Amino acid sequence: MPAGEARPPVEDAAVPAFWRRLGLPGLADVHTHFLPPRLLRRVWAYFDAAGPLLGTEWPIRYRWDDAERVAHLRRLGVRAFTALAYPHRPGMAEPLNRWTLDFAARTPGCLPSATFFPEPEAVHYVTEALDAGARVFKVHVQVGGFPPTDPALDPVWGLLSDAGVPVVVHAGHAPVGTAHTGPAPFAAVLARHPRLAAIVAHLGAPDYTAFLDLAYAYERVRLDTTMAFTSFFDRFDPFPTAELPRLRELGLAGKVLLGSDFPNLPYPYAEQLTGLGRLGLGDDWLRAVCWHNAADLFGLSTG
């Protein structure tokens, strides 16, 4: 490690020392999940069974209740986080939005989060969520099993483009590709809605290069680091070394944001930061990715 660079943490207890050494007020994590308890139990059961969209065993490390998980994020110094939810069938999104927006309202530090599904009611409840203060949306093309170009979503993409509210999109093939994942379907959405504020989850793994290209091509397209550069993820979809210079450039340009997938992690939270620190992209890059880029996007206070 070059002299003067912040030492990446090797365990959760060391995370605060990491961001303090960088001179940051904390961390901003744009990819965390909080769900209604019954749905969360079903999600964890799917992980326990190594469901077909996972492709591998995936033991959940932070199998705690909401209060314990929020408390742990605060101990880590995660000052801003999300309650990303995503439906897998029609009729789920609207009640999910009521729950996640209520969760944010009673949970300091949580960005008001919402979601949608390709269905006739989507424009109505997305408008309601925006009016209620939603600041970030989540769409999971893989789990939802729909093309992002579904005609029912076209007015929703337009609405979010006009509002400038970011949407975290799991558009990549990882961990298991489907007919609707990959860069081409989402590139078609961006071609029609070039002002969409999109955050591509997992750096677009495994099609990193193609999704980096989209971040270069579209002013409002960003990427999150979720699970990238961890030993777990690198077994399947390692980031290409040749693309590190472009990743650094995009990070310093405000286009790479910290994401973790907490609590659905098979390793300590600290490993995400360890992986980023080991890249050798410099403390300025780490400061941008771990705090400043999200702070600029969401108007977070540094006080």
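Select strands 4 and 5 to start: they pair in the parallel sense over three bridges. The model is a predicted one. In this pairing, Ser113 has Val136 of strand 5 as its bridge partner.

**The six-stranded sheet**

Now widen the selection to the open sheet that these strands belong to, with six strands in the order 4-5-6-7-8-9 and parallel pairing. Its edges are strand 4 (113–115) and strand 9 (256–257); each has a single partner strand, so one side of each is left without a neighbour in the sheet.

Go back to strand 5 and show its side chains. Are its residues buried or exposed? Five of its five residues are buried, so the strand is mostly covered by the cut-off of under 20% relative accessible area. Val136, Lys138 and His140 lie on one side, Phe137 and Val139 on the other, and both faces are covered.

Next, add strand 6 (residues 167–170), which pairs with strand 5 (residues 136–140) in the parallel sense over four bridges. Select His140 and look across to strand 6, where its bridge partner is His170.

Move along the sheet to strand 7 (residues 198–200), which is joined to strand 8 by three bridges and runs parallel to that strand. Val200 has Leu223 in strand 8 as its bridge partner. In strand 8 (residues 221–224), Val221 and Leu223 point one way while Arg222 and Asp224 point the other way, and all are buried.

**The three-stranded sheet**

Select strands 1, 2 and 3 next. They make an open sheet with the order 1-2-3 and parallel pairing. Strand 1 (27–28) and strand 3 (110–111) are the edge strands, each pairing on one side only. Strand 1 runs parallel to strand 2 (residues 78–82), and two bridges join them. To find one of the paired positions, pick Ala28, whose bridge partner in strand 2 is Ala80.

**Salt bridges**

The structure holds eight salt bridges. Which residue does the side chain of Arg195 meet in a salt bridge? The partner is Glu219, at 2.8 Å from N to O. Arg195 is in the loop between helix 8 (183–192) and strand 7, and Glu219 is in the loop between helix 9 (208–217) and strand 8, so the pair ties together parts that are 24 residues apart in sequence. Arg195 counts as partly exposed at 40% relative accessibility, and Glu219 as exposed at 60%.

Then select Arg246 and Asp213, a salt bridge whose closest N and O atoms are 2.9 Å apart. This pair links distant parts of the chain, with Arg246 in helix 11 (residues 244–252) and Asp213 in helix 9, 33 residues apart. Both count as partly exposed, Arg246 at 22% relative accessibility and Asp213 at 35%.

Keep Arg246 selected and add Glu243: these two also form a salt bridge, with the closest N and O atoms 2.8 Å apart. Glu243 is buried, with a relative accessible area of 10%. Through shared partners, the salt bridges join Asp213, Glu243 and Arg246 into one network.

**Two last stops**

For the surface, show Arg38, Arg41, Arg42 and Arg89, which form a positive patch. Arg41 sits in helix 2 (residues 37–48) and is exposed, with a relative accessible area of 54%.

Finish at Val15 in helix 1 (residues 15–21). Val15 counts as buried, at 0% relative accessibility. Draw a distance from its C-alpha atom to that of His173: the two are 158 residues apart along the chain and separated by 30 Å.

Technical notes: Residues numbered from 1 in each chain as written. Predicted model: local features only at pLDDT ≥ 70, side-chain atom pairs only at ≥ 80, totals over all residues. Heavy atoms only, no water. Patch = residues over 30% accessible without salt bridge, like charges linked within 9 Å, V, L, I, M, F, W, Y side chains within 5 Å. Areas by Shrake-Rupley, 256 points an atom, 1.4 Å probe, with all protein chains shown as cover. Salt bridge = Lys/Arg side-chain N within 4 Å of Asp/Glu carboxyl O. Lys, Arg positive; Asp, Glu negative; His and termini not counted. Charge placed at Lys NZ, Arg CZ, Asp CG, Glu CD. Buried < 20%, exposed > 50% of the residue type's maximum accessible area, 1.4 Å probe, protein only. Pairing = 2+ DSSP bridges.
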